[in-house]
Amino acid sequence: MENLKLLPETVLKPSFDRDKIKASILHIGVSNFHRSHQAYYTHDLIDKFNELNYGICGVDLFDSDRKIYNILKDQDGLYTLYTKEPNGPHRAKIIGSIIEYFFGPENPLAVIEKMASPDIEIISLTIAEDEYHLNGITGVFDMNHPVANEETKNPFKPKTVFGYLTQAFKLRKLRNLPGCTILSCDNMKSNGETMKHLLLDYVSKTEPGLLDWISENTTFPNSMVDRITTITDFDDIDTLKQDFLIEDQWPVVCESFSQWVIEDKFLHKRPSWEKVGVQFTQNIEPYENMKLRLLNAGHTILGILGTMCGYKTVYEAAVDKDFMIFLKCFIDEEVLPTLKESNQTSVKSYKKMLVSRFQNQHINDRLSRICQESSVKIPLFILPTIKDQLQSDKKIKRAAFIIAAWCKYNDGIDDFKIPYKITDSISGTLIRNATLSHQNPIKFLEIESVFGDLSNNKIFTDSYEESLSLLRSNNIKACIQKMNTSLAHK
Ligand code: CS2
């Protein structure tokens, strides 16, 4: 904190006394995204409106998070938010809302105790979609996952967020303490509801005596979160040092756009985040559908098609005219008709901004980040559009092309014969079924945990097979051009 005084005027610094803040929010998953989003809003709330009761206690639960834990411990929870506008200035701001930090692998009991502390009123999460362990076939918590198995044998050394919450809630119940609000901030359909459903399912199998207490003493607001946040580059660390005299081992780089919409369903008096731009609503669905089906789907499309074309970043793919025509037509003709319930004005302006957000040359967002865990993302970002279309206008040609392209993507080699890695928890299945699809195209669609029963829909499979055969005999760029011309004005 003392070092902050040495920084130049151009760097925005916390104006509050961090020693006076009480942590009543416990956040699980102190990722770059959490630091560019929830921690940033909360910082502004403390800084501008003196809400000193809403500091954040950061918690990480996985061994892979040890580096960020060590760095933030070293930096007293402080870090730089480095915001880059497409055509404007780059800003550096020191964020001071994370005032405590716990690390599960080091001391799981301390994490459980902290979660059970009466000071903690909100437990928020950004744990990434696959950490929810939602079994795509059964629709419930995947008890057969090896970590779940390990956890049930040793419940005081939990491996999943569900194990930690269960132990913490047991303590709260035993000590007659109030419950808390669980606020999921992950890119999932009805993230709060999904979290609740999975937690109750987990508890019914491990601690059934706790079910009623959880139902009566917790709430699970749904939320929509949005801010493109990249993996931090060494170049950014160097530029911050040179241009702003900031020595930060792990700053966060993001765009200037940011949005957070939350269902107003908190157990206790909540932070007045609306004062710093957060929107509260009774119905999150229109916002959530808009974001998942436009931005996240757009990313996945650029990620998959772009990788096959040898591109490395979202920017490179987004300034390719053919790619953008394809994406815009997909949005206009196949996605927008499924968003009829949404406020059309906000959908239009969101769509317009999307293009400039993707084309921000200063955001070095790698396609390899976007393509990670596509087997979880595609069912959330693309398949709902296909499902809705199959029940209405039946416009699915571009979506079928995207799925066929994803099949070919899993061959793991781009159009310049350069191999790339498939990073996915079911990469084995994806690669195997993509290989089988060379003989029988439908084999890829038979991955039930991803596609459900889509392989039985003839309208879809016809388009998919046509696209796959086009893709197998042409490079991706030629296929996109062909799709753009053949589907124009249809
Ligand atoms: C991306 C998101 O991982 C992905 O698939 O689409 O991380 C995206 O950048 C954020 O949701 C932006 O709000």
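Which residue of β4 does Y82 stand opposite? In this predicted model, the residue that faces Y82 from β4 is A92, and this pair offers a way into the sheet to which both belong. Strand β3, which covers residues 79–84, is joined to β4 by six bridges, and the two strands run antiparallel. Together with a third strand they make an open sheet whose order is β4-β3-β10 and whose pairing is mixed. Within this sheet β4 (90–95) and β10 each have a single partner strand and stand at the edges, so one side of each is left without a neighbour in the sheet. From one strand to the next, the twist averages 25°.

A helix accompanies these strands: α2 lies across β3 and β4, and runs at about 75° to β4. Helix α2 also carries a pairing of its own side chains, for those of D44 and K48 meet in a salt bridge with a distance of 3.4 Å from N to O. The two residues are four apart in helix α2 (residues 38–49), which means that about one helical turn separates D44 from K48. Side chains of opposite charge can pair when their charged atoms come close. In the structure as a whole there are 31 salt bridges.

The next sheet to follow is an open one of six strands, arranged in the order β5-β2-β1-β6-β7-β8 and paired in parallel fashion. Its edges are formed by β5 (98–103) and β8 (218–219), and because each of these has a single partner strand, one side of each is left without a neighbour in the sheet. Further in, strand β1 (residues 23–28) and strand β6 (residues 122–125) run parallel and are joined by four bridges, with I25 standing opposite I122 in β6. Helix α4, made of residues 108–116, packs on the sheet and touches β1, β2 (55–60), β5 and β6, while its direction makes about 135° with that of β5. Helix α6 (residues 161–174) packs on the sheet as well, where it touches β1, β6, β7 (180–184) and β8, and its direction makes about 170° with that of β7.

On a broader scale, the protein is divided into two parts, with domain 1 spanning 2–281 and domain 2 spanning 285–488. The C-alpha centres of domain 1 and domain 2 are 30 Å apart, and the contact takes 29 residues from domain 1 and 28 residues from domain 2. About 2500 Å² of area is buried between domain 1 and domain 2, and carbon and sulfur atoms give 60% of it.

What polar pairing is found across the interface of domain 1 and domain 2? There are twelve residue pairs in polar contact across this interface, counting pairs in which both residues have pLDDT 80 or more, and five salt bridges are found across it as well. Elsewhere in the account of charged pairs, R357 and E255 bring their side chains together in a salt bridge, with 2.6 Å from N to O. On the side of domain 1 that touches domain 2, the elements giving two or more residues are β9 (223–226), β10 (252–255), β11 (259–263) and β12 (279–281). Of these, β9 gives the most, with three residues. Strand β10 thus has a place in two parts of this description, since β10 is listed on the side of domain 1 that touches domain 2 and also stands at an edge of the sheet with β3 and β4.

Methods: Residues numbered from 1 in each chain as written. Predicted model: local features only at pLDDT ≥ 70, side-chain atom pairs only at ≥ 80, totals over all residues. Heavy atoms only, no water. Pairing = 2+ DSSP bridges. Contact = heavy atoms within 4.5 Å. Axes fitted to C-alpha atoms, helices over the stretch in contact; angles between N-to-C directions. Domains from an automatic or database assignment. Buried area = accessible area lost by both parts, 1.4 Å probe. Salt bridge = Lys/Arg side-chain N within 4 Å of Asp/Glu carboxyl O. Polar contact = N/O pair within 3.5 Å; in protein donor to acceptor, adjacent residues only side chain to side chain.
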